[in-house]
Amino acid sequence: MLEEPRLQPAGERGGPVYTVFTGRSLIDMVRKPPRTAKEFAEVNGTGAVKLKDFWEPPLAATADTSPDGG
């Protein structure tokens, strides 16, 4: 689910996917799916640059998930 949003930005920057979001960040997004930019800013390892550059794809990916994982 959340692997996809980090593939394109990593490829565009010519770096590994963990430079976009670490595994720990992905786990945090799954446990507490961000629904707004403010909630995304609270994800582990997300600073101002990631908020500015990368918040939309993970929000789209988590928008279709329910709190019970369905």
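**Lysine 50 in helix α4**

In this predicted model, K50 lies within helix α4, which spans residues 48–54. Its relative accessible area is 16%, and K50 therefore counts as buried, the cut-off being under 20%. The side chain of K50 makes a polar contact with the backbone oxygen of V20, at 3.1 Å.

**The aromatic pair**

The model contains one aromatic pair. The rings of F21 and F40 meet edge-to-face, with 5.7 Å from centre to centre and 85 degrees between the planes. This pair links distant parts of the chain, its members being 19 residues apart. F21 belongs to the loop between α1 (4–13) and α2, whereas F40 sits in helix α3 (residues 37–41). Both F21 and F40 are buried.

**The two faces of helix α2**

Four residues of α2 are buried, namely S25, L26, D28 and M29. They lie on the same side of α2 because the arc they cover around the axis is only 160 degrees. In an α-helix there are 3.6 residues a turn, so residues three or four places apart point the same way. The face turned away from the buried side of α2 carries R24, V30 and R31, which are exposed.

**Confidence of the model**

Across the protein chain, pLDDT averages 77, and 74% of the residues score at least 70. Confidence is highest in helix α2 (residues 23–31), with a mean of 88, and lowest in helix α5 (residues 56–63), with a mean of 63. Predicted coordinates should not be read in detail where pLDDT is low.

Definitions and conventions
Residues numbered from 1 in each chain as written. Predicted model: local features only at pLDDT ≥ 70, side-chain atom pairs only at ≥ 80, totals over all residues. Heavy atoms only, no water. pLDDT = per-residue confidence, 0-100. Buried < 20%, exposed > 50% of the residue type's maximum accessible area, 1.4 Å probe, protein only. Polar contact = N/O pair within 3.5 Å; in protein donor to acceptor, adjacent residues only side chain to side chain. Arc of directions from axis to C-beta. Phe/Tyr/Trp six-rings, centres within 6.5 Å; stacked < 30°, edge-to-face > 60°.
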